[in-house]
Number of protein chains: 2
Amino acid sequence: MSRLFVVATPIGNLEDVSPRALRVLAEVAAIAAEDTRVTSRLLSRHAIRKPLLSYRAPVERRGLPRVMAALEEGDVALVSDAGTPTISDPGQMLVASAWAAGHTVVPVHGPSSIMAALSISGYGGPGFTFFGYLPRKPGELRRLL
Amino acid sequence: MSRLFVVATPIGNLEDVSPRALRVLAEVAAIAAEDTRVTSRLLSRHAIRKPLLSYRAPVERRGLPRVMAALEEGDVALVSDAGTPTISDPGQMLVASAWAAGHTVVPVHGPSSIMAALSISGYGGPGFTFFGYLPRKPGELRRLL
């Protein structure tokens, strides 16, 4: 059984990556990436060379078999273009499949636009609700709000 | 006008701290900390020496004047014991006061237990609701759920 690491990556500021995130990216057998070109830039900046597998929304189902096959061979890291994968980003289907296949899924802390925005908002409540991408149609948006 | 940096810190794994977080902690004039002993350990590990101001919940109001006074003198970082300050952690009153006094509040990405847990949950929804600390009394908990 392998490990699937869900690795948060920088949102704009390349200094926002922890030693652990870089170590995990350097140690896995392969990296599943929302956009392999975006991830290539991050990796080359840190002199990391790894096989990259495309894992995009809204076609998660298409990328899934290759990433699951890679997990049978060794540990895999999942990254999105920026921030924490699976939250308004592809990955939830892969995470569920990995658990179901008996692998271990490990979070690697890092940037989250939700937490960054909340932490400087001065909002005083104990909890909050995140709606994800809001509807673009004015009627649907009004109903939700 | 100064800057208040809201800096997320490691939750158990000391490798989970970004170069930017360490740079900010090394550059500010003072650090407001939920528990100065916990923060001292993090700082001494990275050879950072700074004046520490106690800023605890549930007595945020008590620590507020000293931290606001420090902001008048220079940049301040806010940290909690672990994770992202202000979310189930002290800091929201300070953030609101800093904005109100004309300072800038800057988030510094890092560990978040909420994002870590969500990202490996395999939960497929577009959004989520975070309730903060749940009530301890069985009756209140049942009503909330």
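## Exercises on a two-chain interface

Let's start at a shared strand pairing: strand 6 (residues 128-130) of chain A and strand 6 of chain B run antiparallel and are joined by 3 bridges. Strands pair here if DSSP finds at least two bridges between them, and helices (H or I, at least four residues) and strands (E, at least two) are DSSP runs numbered from the N terminus.

A word on ground rules: this is a predicted model, where local features need pLDDT of at least 70 and side-chain atom pairs count only at pLDDT 80 or more, while totals for chains, interfaces and linings use all residues. Residues are numbered from 1 along each chain as its sequence is written, chains are lettered from A in the order in which they are written, and side-chain values use heavy atoms, with hydrogens and water left out.

**Exercise 1.** Find which residue F128(A) stands opposite in strand 6 of chain B, then work out how the two copies are related.

*Solution.* Step one: F128(A) sits across from F130(B). Step two: superpose the chains by least squares on the C-alpha atoms of residues with pLDDT of at least 70 in both. Chain B lands on chain A after a rotation of 180 degrees, with 0.0 Å of shift along the axis and an RMSD of 0.0 Å. The copies are thus related as by a two-fold rotation axis. Step three: 100% of the interface residues of chain B are interface residues in chain A too, so the copies meet through the same surface.

**Exercise 2.** Size up the interface between chain B and chain A, and say which residues of chain B lose the most area.

*Solution.* Count contacts (heavy atoms within 4.5 Å): 45 residues of chain B touch 45 residues of chain A. Next comes buried area, the accessible area (1.4 Å probe) that two parts lose on being put together, summed over both. The chains bury about 3400 Å² between them, 59% of it on carbon and sulfur atoms. In chain B, the biggest losers are E15(B), H109(B) and I120(B), together 20% of what that side buries.

**Exercise 3.** Track down the salt bridges between the chains, and say where D16(A) and R20(B) sit.

*Solution.* Look for a side-chain nitrogen of Lys or Arg within 4 Å of a carboxyl oxygen of Asp or Glu. The whole structure has 10 over all chains, and 4 salt bridges run between chain B and chain A. Among them, R23(A) meets E15(B) at 2.8 Å, N to O. Another pair is D16(A) with R20(B), at 2.7 Å, N to O. That one goes from the loop between strand 1 (3-7) and helix 1 (19-27) of chain A, where D16(A) lies, to helix 1 of chain B, home of R20(B).
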